Amino acid sequence: MTARDRILSAIRAALPQERPAPDAISAEAKALLTDPDTSRPRLVAEGLLDAFILKAEAIGTTIDRVGGMEAVPDAVRRYLSGHGLSLSLAVEPTPALTALDWTGLDTGTTLAPDQPAALGKALWGIAESGSMIVHSGADTPILLSFLPLHHIVVLQESDILSHLEDYAAQLAERPHPRNAILITGPSGTTDIEGSYVRGAHGPGFLHVILVASTD
């Protein structure tokens with residue numbers, strides 16, 4: 001008997017003799033979805049915004065809150081100056097960002113390999129984990145989320161969802177993207193001798209500009 005056969009035999013022996021019917025399994029799964037709050041973790045704060053900020057900051061994301069989209073360029077300028085960077089960055093070519101007044105900042109929609117900073121817009125934030133969702137598209141090149149050292153993301157406070165499955169529900173109501181990116185904090189790894197290396201697989205700094213809801 002091979003090692004594979006021994007492992008499979010042990011698994012079969014451990015299985016219950018009476019297996020539930022498929023209909024019973026299906027009914028149990030549907031029951032869990034009837035009231036999802038009974039089976040998913042509680043948020044770390046009562047409000048979605050506070051929960052998102054707490055979780056995001058806990059994993060190394062920095063936060064800046066502004067009153068409207070028109071304040072985004074000044075928030076970007078503050079971030080770049082605070083990190084000793086030149087006032088230049090690649091901007092995602094979506095109208096919500098390119099239509100802003102970028103006077104005093106050197107912006108372009110082409111990302112150079114050595115570009116230190118890039119700005120993009122997230123579709124949603126997830127309060128449960130402090131994550132953000134970015135979809136690829138004609139106006140949303142995915143390299144902005146991976147190539148620069150400093151990734152700056154604009155997120156509307158009204159687009160913060162409670163849990164990850166709430167994003168799945170949103171996705172079911174719209175065309176699926178070619179790429180859906182889940183961004184949870186800056187890139188980092190401890191694969192090399194257990195030492196934390198920041199920016200190993202992507203941006204080493206993640207900064208979120210939260211735009212207040214207008215309603």
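Here is a short walk through this predicted model, from its N-terminal helix to its sheet and the annotated domain.

Let's start with helix α1, which spans residues 3-14. Ile11 sits in this helix, and together with Ile7 and Leu15 it makes a nonpolar patch of about 260 Å² on the surface. How exposed is Ile11? Its relative accessibility is 45%, so it counts as partly exposed, because that class lies between the limits of 20% for buried and 50% for exposed.

Now turn to the sheet. It is open and has 6 strands, and if you trace across it you meet them in the order β1-β12-β7-β4-β2-β3, with parallel pairing. At its edges lie β1 (62-66) and β3 (106-108), each of which pairs on one side only. If you like to think in terms of strand axes, neighbouring strands in this sheet are turned by 25 degrees against each other on average, with direction ignored.

Within that order, it is worth pausing at β4 and β7. Strand β4 covers residues 117-121 and strand β7 covers residues 150-156. The two run parallel and are joined by 5 bridges. For a concrete contact to find on screen, take Lys121: its bridge partner in β7 is Val154.

Finally, a record adds a label to this part of the chain. An unreviewed UniProt entry carries the annotation "domain: LUD" for residues 118-211. In the model, that span is 9% helix and 38% strand. How far apart are the end C-alpha atoms of residues 118-211? They lie 18 Å apart.

Definitions and conventions. Residues numbered from 1 in each chain as written. Predicted model: local features only at pLDDT ≥ 70, side-chain atom pairs only at ≥ 80, totals over all residues. Heavy atoms only, no water. UniProt positions renumbered as here; feature names shortened; annotations may be inferred. Helix = DSSP H or I, 4+ residues; strand = E, 2+ residues; numbered from the N terminus. Patch = residues over 30% accessible without salt bridge, like charges linked within 9 Å, V, L, I, M, F, W, Y side chains within 5 Å. Areas by Shrake-Rupley, 256 points an atom, 1.4 Å probe, with all protein chains shown as cover. Salt bridge = Lys/Arg side-chain N within 4 Å of Asp/Glu carboxyl O. Buried < 20%, exposed > 50% of the residue type's maximum accessible area, 1.4 Å probe, protein only. Pairing = 2+ DSSP bridges. Axes fitted to C-alpha atoms, helices over the stretch in contact; angles between N-to-C directions.
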